[in-house]
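In these entries I record what I looked up about some helix contacts and strand pairings. I kept each entry short.

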Amino acid sequence: MDRIKKIAGHFLPVGNAKAKVAVLGAAGGIGQPLSLLLKNSSYIGELSLYDVANTAGVACDLSHISTASKVKGYSGAGQLHEALRGCQLVVIPAGVPRKPGMTRDDLFNINAGIVAVLCEAISATCPDAWVLIISNPVNSTVPIAAEIFKRAGTYHPTRLFGVTTLDVVRAEAFVAELLGADPKDVAVPVVGGHAGATILPLLSQAKPQLQLEPPRAAALMARIQDAGTEVVHAKAGAGSATLSMAWAAARFVEACLRAMGGEGGIVECSYVASSLTSLPFFASPVRLGRSGVEEFLPLGPMNELEQRNYDTMLPELAGSIQKGVEFVQKRQQQQAGQ
């Protein structure tokens, strides 16, 4: 019996204990449904909810749900460090949402500063935590987080993730619709970044195999790339893709916690520090393990449409990465001058 318990312990997050997970931005449009989904996770022992305001009500509401994890709410800058204390995984949906006519770049100036402040707190309080960033533009906010961590001496590139799972989820849903299949039986790798043309679904590698004429494949690729805008327009100014994003993020959090606990064979697409391409960050399928990213799976062969989109996407993604790096440089110069 002791041997069985010992073996079972290898498949629990963070040794024999369930994980403490923080959601930063928990009272927002993504944060609330994400926190609800995470409250149901058997891998989480404590859910630490933080936002600048209105967190107490969210935490109270979720605490009435009859699942085992404990929920605590924290509000305001003065409680940020306490919210992060002891966390093994931090997920960041904080920031302003997209509105009609806005691109992810339009969100940059506000959300970049928010992510920087939160990552400074993570560096000081739980520097070894896995950090999952949802805040847009992800193509820039992940490099911002990396630069903040580098300057603090707490950068763990294998534990910093841009959550691009929603692109994968959309690709699976749209391909399943075309095939008349159950989405859980569909797999579509999505590589590149997490904005517009930088989102590259490798439809030629879809399983089950997808047979489409080039014009239809191009139209499907464009729909996946522009799916966020589709939701923004459908909500007519009342919000962006919050529910699907929360579901996708919960899926990725669960995958991370399973890997953290020692479960093998966990593969997900994510935007991470990478040497697969000429760029320092790139989304691709990665195998997760106890220490974070343990293996980069090959991108695999691309057809003509995909290769053309890949070649076009690289300069745009490079610019977004550089924009994040320059933001931190300028921010530090301003802080030094104060």
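I began with a term: two strands count as a pair if DSSP finds at least two bridges between them. I also noted that this is a predicted model.

**Entry 1: strand S10 and its neighbours**

I looked first at strand S10, which covers residues 281-289. Is this strand mostly covered or not? I found that 8 of its 9 residues are buried, and I therefore noted S10 as mostly covered, with buried meaning under 20% relative accessible area.

I then followed the pairing on one side. Strand S9, residues 266-273, is joined to S10 by 8 bridges, and the two strands run antiparallel. I looked up one position in this pairing: Glu268 has Val286 in S10 as its bridge partner.

Next I turned to strand S11, residues 292-296. Here I counted 4 bridges to S10, again with an antiparallel course. In this pairing Leu288 stands opposite Val293 of S11. How many residues does the hairpin use to join S10 to S11? The hairpin passes through 2 residues.

**Entry 2: helix H5 against helix H11**

I moved on to the helices. H5 spans residues 108-125 and H11 spans residues 304-336. I recorded a packing angle of about 70° and a separation of 11 Å between their axes. Because of this angle, H5 is roughly perpendicular to H11. Their crossing is right-handed.

Which residues meet here? From H5 I listed Phe108, Ala112, Gly113, Ala116, Val117 and Glu120. From H11 I listed Lys323, Gly324, Phe327, Arg331 and Gln335. I sorted the residues of this contact by class and obtained 5 nonpolar, 3 polar and 3 charged.

**Entry 3: helix H8 against helix H11**

I then examined H8, residues 214-225, which also packs with H11. The angle is about 40°, and the axes lie 10 Å apart. H8 and H11 are therefore oblique to each other. I noted that the crossing of H8 and H11 is right-handed.

On the H8 side, the contact is made by Pro214, Ala217, Ala218, Met221 and Gln225. On the H11 side, Leu305, Glu306 and Asn309 take part. By class, I entered 5 nonpolar, 2 polar and 1 charged residues for the contact of H8 with H11.

**Entry 4: review**

I closed by reading the entries together. S10 is bridged to S9 and to S11. H11 packs with H5 and with H8.

Methods
Residues are numbered from 1 along each chain as its sequence is written. This is a predicted model: local features need pLDDT of at least 70, side-chain atom pairs count only at pLDDT 80 or more; totals for chains, interfaces and linings use all residues. Side-chain values use heavy atoms; hydrogens and water are left out. Axes are lines fitted to C-alpha atoms, for helices over the stretch in contact, and angles run from 0 to 180 degrees between N-to-C directions. Angles under 35 degrees count as roughly parallel, over 145 as roughly antiparallel, 65 to 115 as roughly perpendicular and the rest as oblique. A crossing is left-handed if the near helix is turned anticlockwise from the far one by less than a right angle, and right-handed if clockwise. Contact means heavy atoms within 4.5 Å. Ala, Val, Leu, Ile, Met, Phe, Trp, Tyr, Cys and Pro count as nonpolar, Asp, Glu, Lys and Arg as charged, and the others, Gly among them, as polar. Buried means under 20% relative accessible area, exposed over 50%, partly exposed in between (1.4 Å probe, protein chains only).
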